[in-house]
Amino acid sequence: MGYTAEDEALIKEKWDDLLYSCTKICKNDEDWNFIKRAFFLAKEAHEGVRRRSGEPYLLHPIAVAKIVIEEIGLGVKSVVAALLHDVVEDTEYTVEDMERIFGPKIASMVDGLTKMAGVFNADTSEQAEYFRKVLLTLSDDVRVILIKIADRLHNMRTLGSMPLNKQIKITGETIYLFAPLAYRLGLYSIKSELEDLCMKYRFPQQYAEITQKLQESEASRKEFIDKFNAPIIAALNRDNFNYEISGRVKSVYSIWSKMQRKQIPFEEIYDLFAIRIVFKPLPFPSEKTQCWQIYSTITDIYTPKPDRLRDWISMPKANGYEALHSTVMGPDGVWVEVQIRTQRMEDIAERGFAAHWKYKHATISQDEDEFDKWLKQIRAALNSPTENAVDFLDNFKLSLYTSEIVVFTPKGEARKMPFGATALDFAYDIHSKIGNSAISAKINHKLEPITTQINSGDQIEIITADTARPKPEWLDIVTTAKAKSAIKSFLKRERQNNIERGMQMLKEKMKSLNIQLSGRVLRKIVPIYESNNKEELYSKIGAGIVSLDDLEKVLKVNSKSKILKFWTLFIPQKKEEETDEAGDAVPATTPQKEAGDEPVFEIAACCKPIPGDKVVGYRDPATGKIIVHKATCDELNRLAAQYGKNIVKEEIKWSQHKAMSYLVTTELRGIDRQGLLLDLAKVVSDDFNINIREVNIHSHDGIFEGNVSLYVKDAESLNAVMDKLREIKGIDTIKRTIS
């Protein structure tokens with residue numbers, strides 16, 4: 001069935017709008033015809049097909065092409081690839097057809113954009129493998145990844161028509177991978193919008209509340225910005241700078257993240273905005289000198305905060321970002337961040353890789369570009385033969401969101417490392433063999449442990465030994481993807497050797513006890529030796545961590561584990577006919593439901609939700625159990641990104657018929673005073689009639705810190721008691737922790 005006259009009119013309107021945007025990239029008739037041929041083929045290929053929202057499917061590739069031009073700044077080939085990006089996946093056309101009609105370059109780009117299908121390794125996640133294959137295009141043509149981000153942005157803008165489980169899957173992988181990737185490629189505005197859209201669909205109430213509060217405070221914020229800017233404007237005009245000055249409000253997501261991280265209300269977020277100065281530099285002196293001149297002008301007016309100066313002009317970020325950031329004390333005792341950049345720097349900051357590439361080719365650079373260095377690292381990670389797709393994705397994630405420091409080798413070579421890196425990360429950055437044999441480091445000529453965190457300006461020499469070898473705990477110490485990958489690779493080889501040795505040792509021990517090694521026996525001894533599975537048990541035996549001397553005694557002990565569940569979770573039954581993902585009707589209740597079909601729930605150890613928390617379920621493919629996470633859990637985002645099809649489609653709710661108590665730990669900090677503990681106990685015990693299990697508070701230099709463990713009925717009662725505790729004189733912060 002074709003499109004209606006209204007559909008055709010809508011398609012024409014969007015196509016005309018795209019053509020208007022193309023005027024900035026089309027240089028001749030050949031360019032125009034290339035784009036038009038792509039459009040008419042896509043129109044014929046997607047004829048009559050509709051998106052879940054009901055609109056013609058063709059509007060999606062048109063919208064992606066528009067983003068590619070207007071928001072990323074790519075050219076004609078990228079627009080053609082964007083228009084054709086779903087043709088091979090969804091229609092009868094093949095990659096060979098694309099090559100015949102549009103040439104090998106377009107065919108290669110469309111192939112890179114086509115969703116990967118086929119046989120995957122049994123031990124890898126299908127989605128993680130898909131991400132890996134998409135990211136392989138980084139080594140060939142970065143434009144493919146930029147178009148992929150544009151595709152994801154439009155899908156996020158139209159996410160409202162998708163069912164809940166698809167929303168969780170798509171927002172999970174967006175926040176886990178696509179937003180950090182956009183950030184690393186320099187697409188700051190797209191990164192912020194992706195984060196905001198994720199929040200809008202996952203936490204609509206909080207999103208609406210913050211948006212409303214931003215609108216309510218807009219007038220007073222504008223008044224403050226005008227007051228702050230006035231003396232700066234006068235000084236810049238006096239010095240004859242050609243500039244624009246503006247106040248940029250933080251994104252809703254970044255405000256919410258800070259509220260979550262610090263567990264403070266909106267009213268206590270003071271750095272809601274930053275002042276940005278963008279200027280067109282004079283031919284002489286250098287851009288860098290002129291940026292510092294503006295910085296000097298501003299700090300003559302307002303006092304700077306020394307530890308908040310960020311010089312990304314002398315040493316740009318790996319994604320090409322250049323700017324000078326300073327935080328100064330403004331009127332009324334408010335700290336304000338000021339960003340100083342030239343128009344060229346602004347283009348790179350807003351358009352990311354596309355602008356960065358344009359300027360790079362316009363100038364002759366002797367040094368290897370920082371972005372190229374990063375791409376080389378990614379290519380090395382992509383080609384790692386030892387990692388499965390899930391490990392790769394976790395390690396790739398590590399290389400995305402990073403602040404950077406600069407350190408030096410003994411010969412004075414500067415090397416960029418992520419903030420928080422250790423001397424061990426530095427060792428692996430030089431070479432995996434050096435990392436594997438590292439035992440200590442000389443930092444600024446002083447001997448330090450290999451696990452020491454390094455700082456900008458440090459000069460580092462790695463001390464090695466032939467007998468040294470990586471330890472499993474190193475994985476918790478290193479921060480770079482390269483180091484984690486190398487350590488995992490070594491440990492994997494060593495673990496395989498230990499498993500084979502341990503299996504043989506267990507068989508021999510069982511034989512000496514005249515006991516047949518069976519699955520039933522293994523199921524009994526695996527948890528007793530604090531292992532998760534038989535491979536882990538074998539590995540521990542082979543490595544000498546587990547001794548089998550007491551095995552006979554262990555097998556005779558009849559130990560029974562008692563599991564008490566004080567909560568009840570349930571999935572509400574559908575009350576009316578709904579449709580499944582394919583659009584077919586699903587009956588409101590499933591007939592002949594067996595008693596054993598009831599889902600088995602397990603509370604996630606990583607976030608420990610309690611009744612009242614918004615929760616999402618993840619079905620463990622190994623056990624069939626539904627692991628219940630808080631909706632805000634970072635681990636849930638990782639699972640949604642890698643195993644989205646295992647996210648439970650239905651909403652999971654807490655039952656209310658059991659009034660049990662749940663142990664929750666709160667973390668407190670504040671100014672110490674006499675009688676504080678007495679006031680705290682009075683609020684908890686007298687006002688709320690809540691039992692305190694444990695109080696652990698210590699004081700130093702007039703500041704107290706500690707934990708209070710309480711038994712509460714649900715999240716609502718916990719929030720009520722926390723709100724009351726905040727009112728106690730001296731308590732500065734209180735937040736819930738995972739006990």
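Two strands count as paired if DSSP finds at least two bridges between them. Keep that in mind for the first stops of this tour. The model on screen is predicted.

**The whole chain**

Start with everything shown. The protein chain holds 28 helices and 22 strands. It has 739 residues, and 46% of them count as buried. Now think about contacts with a separation of 6 or more. In the protein chain, 67% of these link residues 24 or more positions apart.

**Stop 1: strand β2 and its partners**

Select residues 273-280. This is strand β2. Seven of its eight residues are buried, so β2 is largely enclosed by the rest of the structure.

Add residues 335-342, strand β6. β2 and β6 run parallel and are joined by six bridges. For one of the bridges, pick isoleucine 275; its partner in β6 is valine 338.

Next add residues 242-249, strand β1. Here the pairing with β2 is antiparallel, over eight bridges. Pick glutamate 244 and look across to valine 278, its bridge partner in β2.

Before leaving β6, which charged residue lies over the face of tryptophan 335? Select lysine 305: it lies there, at 5.1 Å from the ring centre.

**Stop 2: helix α14**

Move to residues 252-262, helix α14. Show the side chains of tyrosine 253 and tryptophan 256. Both belong to this helix, three residues apart, about one turn. An α-helix has 3.6 residues a turn, so residues three or four places apart point the same way.

A search of the whole structure finds 15 aromatic pairs. Tyrosine 253 and tryptophan 256 form an aromatic pair that is tilted, with 6.1 Å centre to centre and 50° between the planes. Are these two residues buried or exposed? Tyrosine 253 is buried, and tryptophan 256 is too.

They have company. The buried residues of α14 also include Val252, Ile255, Ser257, Lys258 and Met259. What covers them? Select 164-184, 188-202 and 204-216: helices α10, α11 and α12 are among the cover.

Step off the end of the helix. Glutamine 263 follows α14, and its phi is positive, near 50°.

For another group of rings, select Tyr183, Tyr188, Trp312 and Tyr321. These residues form one aromatic cluster.

**Stop 3: the nonpolar cores**

Which residues have the most contacts inside the largest nonpolar core? Select Ile35 and Leu84; the core around them has 114 residues. Helix α9, residues 142-157, supplies the largest share of this core, with nine residues.

Zoom in on leucine 84. Set aside its neighbours within four places in sequence. Leucine 84 is then in contact with Ala38, Leu41, Ala42, Met98, Phe102, Ile106 and Val110.

Another core lies apart from the largest one and has 24 residues. To find it, select Ile405, Leu424, Ile454 and Phe490, which are among its members.

**Stop 4: a three-strand antiparallel sheet**

Now select 438-443, strand β9. Add β10 (446-449) and β11 (460-464). Together they make an open sheet in the order β10-β9-β11, with antiparallel pairing. β10 and β11 stand at the edges with a single partner strand each, so one side of each is left without a neighbour in the sheet. From one strand to the next, the twist averages 35°.

β9 and β11 pair over five bridges. To see one of them, pick serine 440 and its partner in β11, isoleucine 463.

**Stop 5: a mixed sheet with a helix across it**

Select 601-603 and 615-619, strands β15 and β16. Add 626-630, strand β17. This open sheet has the order β15-β17-β16, and its pairing is mixed. β15 and β16 are at the edges, each with a single partner strand, so one side of each has no neighbour in the sheet. Neighbouring strands here are turned by 35° against each other on average, direction ignored.

Look between β16 and β17. They run antiparallel, joined by five bridges. Valine 615 stands opposite lysine 630 in β17.

Finish with residues 634-642, helix α26. This helix lies across β16 and β17 and runs at about 130° to β17.

Technical notes: Residues are numbered from 1 along each chain as its sequence is written. This is a predicted model: local features need pLDDT of at least 70, side-chain atom pairs count only at pLDDT 80 or more; totals for chains, interfaces and linings use all residues. Side-chain values use heavy atoms; hydrogens and water are left out. Helices (H or I, at least four residues) and strands (E, at least two) are DSSP runs, numbered from the N terminus. Axes are lines fitted to C-alpha atoms, for helices over the stretch in contact, and angles run from 0 to 180 degrees between N-to-C directions. Contact means heavy atoms within 4.5 Å. A nonpolar core is a set of buried Ala, Val, Leu, Ile, Met, Phe, Trp, Tyr and Cys residues joined through side-chain atoms within 4.5 Å. Buried means under 20% relative accessible area, exposed over 50%, partly exposed in between (1.4 Å probe, protein chains only). Rings of Phe, Tyr and Trp (its six-membered ring) pair if their centres lie within 6.5 Å; planes under 30 degrees apart count as stacked, over 60 as edge-to-face and the rest as tilted. A charge sits over a ring if NZ of Lys or CZ of Arg is within 6 Å of the ring centre and within 35 degrees of the ring normal.
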